[in-house]
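User: I would like to understand how the descriptive terms used for this protein are justified. Please take me through them one at a time.

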Amino acid sequence: MRRLDPMRRYRRAMSSTFLASTAALALAAAPAAAQFPAELAGRVVDAHTSQPIAGATVEVVGGPGAVTDAAGAFLLRAAGEGSATLVATRAGYASRSAEVSLESGRTVRVVVALEAMPIRIAPLQVIARASREGGHVLTRAMIEESGARTLGELVRTVPGMIVRPVAGGGQRASVRGGSADAVLVLVDGVPVNDPLSGEADLSLISLSGVQTVRVLPGARTARYGPRAEAGVILVESRAVNETRPEASALLGSFGRYAITAEAGARRGPVAVSAGARIDRRAERFDYDQPPALGGGSETRTNAQQRSMGGFGALALDVAGAPLVLRADAYDDERGLPGPMHATTPEARQHVSRAGLTAGWRPLLAGTAVRVDASLAWQRMRHEDSVPAFGPAYFDTTRARETGLRVEAERLAGAGSRIERSVAAGAELRGWRLESTTLAPGRVRRVDPSLFARARLELPDAPLTPAIDVAIRADRWSGDWIRSHDVTLHALLGRVALHASHRSGFSPPTASDQFFRSGFAIAPNPDLAPERVPSEIEAGMSAALEVAGLPVELGASAFRGDVDGMIVWAPDFRFVWSPRNRDVRRSGGEAWLRTAPIQSVRMSGWASAARVTYDWPGDADTVQVVYRPRYSGGAAIGWQPTPWRAGVVARFTGVRYATPGHANPLPSYWDLDVTVSRDWRIASTKLTTSLAVERVLDNTDSFVHGYPEPGRRLRLELRLAPWSSEPLEPRFASQ
């Protein structure tokens, strides 16, 4: 037998030892894994902003617990296997529980979304809850109890907000006397303002799939982008995994009926939801012409409307972070009756829109990242074969909008004496218009933006001071336009104080610059953007107890002149054209809410907006057209469960149809009443409600020559799963 040399014997021995050791480790691997505890790793985020929540307590019922760090992250190790209940809590948020499956030796990743704790109010009492930044929040509970079906109906009681009707039943918003195209409306971070007019029709935004609405008045360009010169309305859709099966049916005056339905489901890590709505009306009514237009009685026709739409959403986990995909579409056709002195019985408007959005919220190396992408198509057609003036027209506009926004935020110092966060990002938006109403026929734009913001808070210092700073640069017509927002916060007991200095701008619209010239009208391609170079705001909100009564109140004051507000005016030849005019603007808002007894809620709000032309020699007394200087209202709700009833009165002040003091439109009040009741049928809740709008049969119009129908009735039935969750607290500190 051949003998091996010493070196070869050594190598063979070492190889045998290695193989034996590997085999032993392999045999021991299974029991070792079985003994290693299961891990739960994840994040706690805000359900609507997807921002991480630091300092939240996360625990397994009957097991270990942890507190989230600055990035909202946590890690738990739990013994045993099988199903377990995970509970997350944080002051100011409703607690949340979720079922998880534990498996020894395996890490389960979860994302827990917490809802900000809302205030439950009575029907129609939709005075938004104030935030520390001076804005107003409308929760899902408030949306359901208001009875509102469109965004315009919902926000018309927000202090400082004016929702005016336009031809065909549309709704346009004006904030603090600003133009309708200076109010940016974002749905899940995506602008929905019309690419041609710059305005957002709030009547086309259904509330069936909306979770939260925030109204932020003032120049908000630095945080949200161009067109937020006067304010911004933020609409957040309902979470995909929280969409309950619901259905409703509505019957109303003037041949109106509507049907809505939505549902959601989850299977493992994937959640889906979908919804659809149909809304029709055949509005026809008599009205009296004012004496200035000849008097007499007329019949308004061609005010029919047909609207339908739907959405579908998909949520899944990608690389440990939620990815939400959403598709929506609507088709709206309505008559354009025109002013009462120039009716247009054949005029029609047809709008179709479809959109796709994607949002991803990963946590990368302790940095919260937000990625939003969007793509939308819109087609609008106006036609009138027999117009009151001029030749027949058949105009079509097609638009395509794209957007991409990336933001990264880093939080540090959560739970320490100094808490801070820094965020930065970039945005790219492009749109293409093809229209028979535009002089060049086609208009294209690509607008890049850069932005950054930071927050510093001293939670243990007197008054809990904090400062928010935001800066933004938007590329417009070859120039970079800069905007800023500096806001100071403080807490004095249960009183929240804030003071801000901001700037903003709103670009001219394509229709103002490039619409086709007509009889006595002309475009103005040389229009400059509207600018608010310096806006100052100070405000407060509080949750107090006065003489044993819970009271919530708030107030704010502002001054922010507008350089170059785009206003339509005639020249010496009486040719109408949009012009840039300097405007002085100042005012304020106040609101109050209380509950004198257990089942009664009372509230009131008022606003003043002095918006005058900055003309030499007139002492700045001429209010800009159709800007009421004063508005407000009051509401009372009574809810002896299961019944609910509410009354709301809204005041609209004097408006002027021309730039002067002649022929003012008188102020008026609107009075609305709603009565509803919940019925339990097995595990289903049936809600019946009866609403009467303009109870006093008031026909005053916001715009000169625009007829209103007066009293309207609405009966609605709604089906939803019965919820045994406790009611939200009546009042909560801000």
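User: Which residues does Thr357 touch, not counting residues up to four places away in sequence?

Analyst: In this predicted model, Thr357 touches Val190, Val324, Leu325, Arg326, Ala373 and Ser374, and each of these counts as a contact because heavy atoms lie within 4.5 Å. Thr357 itself is found in strand β22, which covers residues 348–360. Thr357 and Thr402 are 45 residues apart in sequence, and their C-alpha atoms are 9.8 Å apart in space.

User: What makes strand β13 largely enclosed by the rest of the structure?

Analyst: Buried means under 20% relative accessible area, and four of the five residues of β13, residues 183–187, are buried, so the strand is described as largely enclosed by the rest of the structure.

User: How do you know that β13 pairs with β16 and with β14?

Analyst: Two strands pair if at least two bridges are found between them. Five bridges join β13 to β16 (residues 231–237), and these strands run parallel, whereas two bridges join β13 to β14 (residues 190–191), and these run antiparallel; both pairs therefore satisfy the cut-off of at least two bridges. Val187 takes part on both sides, with Val235 as its bridge partner in β16 and Val190 as its bridge partner in β14. β13 and β14 also form a hairpin with two residues between them, and Asp188 in the turn has a positive phi of about 55°.

User: Why is Arg677 said to have no salt bridge?

Analyst: A salt bridge needs a side-chain nitrogen of Lys or Arg within 4 Å of a carboxyl oxygen of Asp or Glu. For Arg677, the nearest side chain of opposite charge is that of Asp678, 7.8 Å away, so the condition of 4 Å is not met. Arg677 is nevertheless buried; this residue is found in strand β40 (residues 668–681) and touches Pro642, Trp643, Leu686, Thr687 and Thr688, not counting residues up to four places away in sequence.

User: Why is Leu715 called partly exposed?

Analyst: Buried means under 20% and exposed means over 50%, with partly exposed in between; Leu715 has a relative accessible area of 42%, so it is called partly exposed. Leu715 is found in strand β42.

User: Which residues make the nonpolar surface patch?

Analyst: The patch, about 690 Å², is made by Leu251, Tyr257, Ile259, Ile278, Met308, Leu690, Leu713 and Leu715. Strands β18 (256–267) and β42 (712–721) each supply at least two of its residues. Patch residues need over 30% relative accessible area, and the 42% of Leu715 therefore meets that requirement.

Note on methods
Residues are numbered from 1 along each chain as its sequence is written. This is a predicted model: local features need pLDDT of at least 70, side-chain atom pairs count only at pLDDT 80 or more; totals for chains, interfaces and linings use all residues. Side-chain values use heavy atoms; hydrogens and water are left out. Patches are made of residues with over 30% relative accessible area and no salt bridge: like charges are joined within 9 Å, nonpolar side chains (Val, Leu, Ile, Met, Phe, Trp, Tyr) within 5 Å. Accessible areas come from the Shrake-Rupley method with a 1.4 Å probe; for residues, only the protein chains shown count as cover. Buried means under 20% relative accessible area, exposed over 50%, partly exposed in between (1.4 Å probe, protein chains only). Lys and Arg count as positive and Asp and Glu as negative; His and the chain ends are not counted.
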